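Trainee: Before we discuss this complex, could you put the sequence and the structure in front of us, so that we can work through them together?

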Amino acid sequence: MNDTNQALLDALGAEESQLVESWHAALPLSAQTTGQSSRGEARQLLAGLRDGLRAGGAPEALDTPAWAPLRQSLEALSAARAAKGEKAGDTSLFVLALKKPMFDALQQRFAKDPAGLGAALWSATSLVDKVAQHTVTTFQSTREDIIRRQQQDLLELSTPVVKLWEGVLAVPMIGVLDSSRTQLVMESLLQSIVSSGSALAIIDITGVPTVDTLVAQHLLKTVTAIRLMGADCIISGIRPQIAQTIVHLGIDLQGITTKATLADALLVALQRSGWRVSRTD
Amino acid sequence: MERIPILRMGQTLLVTIQIDMQDQTAMALQEDLAAKIAETGANGVMIDISALEIVDSFVGRMLSSISGIARILSAVTVVVGMQPAVAITLVELGLSLPGVRTALNVERGMQLLDTVRREKFLDR
């Protein structure tokens, strides 16, 4: 172990509870609220740092095996914080706040040795920076994992094809329509048309928040594919605002039956297939 | 080169495509069909493509032009049984086949032909 590591180790090993307290005090007020748990995390990080230093890990290279336990506890820390929905900035602030107590301890040790102090401070600062950087990176990848999983969930729950009547299928579209989702919907709808032999499909867009040119293009493609297969298509659930947007964008929906509500569309579908709806009284 | 047989059922010509279409086959079918419509005086053409799994833009255009040719010879064309994958491919190729009538299966296609014939008869 070299001198700098020894010095850092001494600085970190001095009075653990005191170090943790001053670390905690160095945190900005907003980050102090987590209280006890952040003290626990601080102890864990300190243990990881000491292990790494004792194993002779260079402060500049955090990806060496010597720092493996530290990296593990960092990853656990940022994953826990990401899951709690904290900001990436707060998480890295928490790590960076270690600098203050560390520098104080080093300053006391090297009071009579400015050159040594400089070297030790540089090692300390680069070590803490690397640790903070690693925290942010893991924090972000944890967040991205969460986002990816949620996207997958969304895609899976996206759009069931339901049979409304003999020969009438409906797809209630919910959420933002992008290429991959439209593709999925189109495929499952066309497949159900073939397997059920339905001649009419209703696409309900009540749950689609906005319709822009891209969404309209996706819809038109679906309608054309349905027509090519020999079935007919009705688009329902067009809200007044969306009707205005469609006209303002100059999207041509001519040749496509459009209805305001799913009920209207079902009525048209029944009429086309020769049914008549009447009350019994 | 393979030729696709054209069957005659009364006033309707029935074409079932069961092989992967090559450009030459498509051209031959187009010519044969035009000749057959003129020869028999058929007023309906049904093209069953339920066994067709691969299409390219040429085949797509062929369907379109067959329909156009038949219309000039005063016959109605119905394309039936298009597979979902084929429909998606044609749409992605930008071929929406305007002017081509479609139906889910042969039975529905026959019904459609009957309806169109009746309308035409009323027009005259």
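Helix packing and the contact between the chains

Mentor: Let us start inside chain A of this predicted model, where Ser179(A), Thr182(A), Met186(A), Leu190(A) and Ile193(A) of α8(A) meet His218(A), Thr222(A), Ala225(A) and Ile226(A) of α9(A).

Trainee: How many nonpolar, polar and charged residues does the contact of α8(A) with α9(A) have?

Mentor: On the side of α8(A) the contact includes Met186(A), Leu190(A) and Ile193(A), while α9(A) brings residues including Ala225(A) and Ile226(A). Sorted by class, the contact of α8(A) with α9(A) has five nonpolar, four polar and no charged residues.

Trainee: Are α8(A) and α9(A) roughly parallel or roughly antiparallel?

Mentor: The axes of α8(A) and α9(A) come within 10 Å and cross at roughly 20°, and the crossing is right-handed. Angles under 35 degrees count as roughly parallel, and therefore α8(A) is, with respect to α9(A), roughly parallel.

Trainee: Which helices of chain A each supply at least two residues of the side that touches chain B?

Mentor: The contact between the chains takes 15 residues from chain A and 14 residues from chain B. By class, the side of chain A that touches chain B has eight nonpolar, four polar and three charged residues. The helices of chain A that each supply at least two residues of this side are α8 (179-196) and α9 (213-228).

Trainee: How is α9(A) oriented with respect to α3(B)?

Mentor: The two helices pack with their axes 9 Å apart and at an angle of about 130°, and their crossing is right-handed. That angle lies between the ranges counted as roughly perpendicular, 65 to 115 degrees, and roughly antiparallel, over 145, so α9(A) is, relative to α3(B), oblique.

Trainee: Which residues of α3(B) make the contact with α9(A)?

Mentor: By class, the contact of α9(A) with α3(B) has six nonpolar, one polar and one charged residues. From α9(A) come Lys221(A), Thr224(A), Ala225(A) and Leu228(A), and from α3(B) come Ala87(B), Ile88(B), Leu90(B) and Val91(B).

Trainee: Which residues touch the most other members of the largest nonpolar core?

Mentor: Ala87(B), leaving out residues up to four places away in sequence, touches Leu190(A), Ala225(A), Leu228(A), Met229(A) and Met82(B). Of the 74 residues in the largest nonpolar core, those that touch the most other members are Ala201(A), Met229(A) and Ala87(B).

Trainee: How many residues does the other core have?

Mentor: This other core lies apart from the largest one, and Leu19(A), Trp23(A), Leu62(A) and Met102(A) are among its members. Its count of residues is 29.

Trainee: Is Gln217(A) buried, partly exposed or exposed?

Mentor: Gln217(A) sits in helix α9 of chain A, and its C-alpha is 9.8 Å from that of Asp252(A), although the two are 35 residues apart in sequence. Because 13 other C-beta atoms lie within 10 Å of Gln217(A), this residue is partly exposed.

Trainee: How many residues of helix α10 of chain A are buried?

Mentor: Of the 281 residues of chain A, 34% count as buried, and Gly250(A), just after α10(A), takes a positive phi of about 75°. Helix α10 itself, residues 240-249, is hardly covered, and among its ten residues the count of buried ones is one.

Trainee: What pattern does chain B follow along its sequence?

Mentor: In chain B there are four helices and five strands, and of its 124 residues 40% count as buried. Among the contacts in chain B between residues at least 6 apart in sequence, 79% join residues at least 24 apart. Read along the sequence, the pattern is β-β-α-β-α-β-α-β-α.

Trainee: Is Ser74(B) buried or exposed?

Mentor: Ser74(B) is found in the loop between α2 (57-72) and β4 (76-80) of chain B, and its phi is near 55°, a positive value in a residue other than glycine. Because 11 other C-beta atoms lie within 10 Å of Ser74(B), this residue is exposed.

Trainee: Is Leu97(B) buried or exposed?

Mentor: Leu97(B) has a positive phi of about 50° although it is not a glycine, and its place is in the loop between α3 (84-92) and β5 (101-103) of chain B. Because 20 other C-beta atoms lie within 10 Å of Leu97(B), this residue is buried.

Note on methods: Residues numbered from 1 in each chain as written. Chains lettered and ligands numbered in written order. Predicted model: local features only at pLDDT ≥ 70, side-chain atom pairs only at ≥ 80, totals over all residues. Contact = placed C-beta atoms within 7 Å. Nonpolar A, V, L, I, M, F, W, Y, C, P; charged D, E, K, R; others polar. Buried ≥ 20, exposed ≤ 12 C-beta atoms within 10 Å, placed from the backbone. Axes fitted to C-alpha atoms, helices over the stretch in contact; angles between N-to-C directions. Left-handed = near helix turned anticlockwise from the far one by under 90°. Core = buried A, V, L, I, M, F, W, Y, C linked by C-beta atoms within 7 Å.
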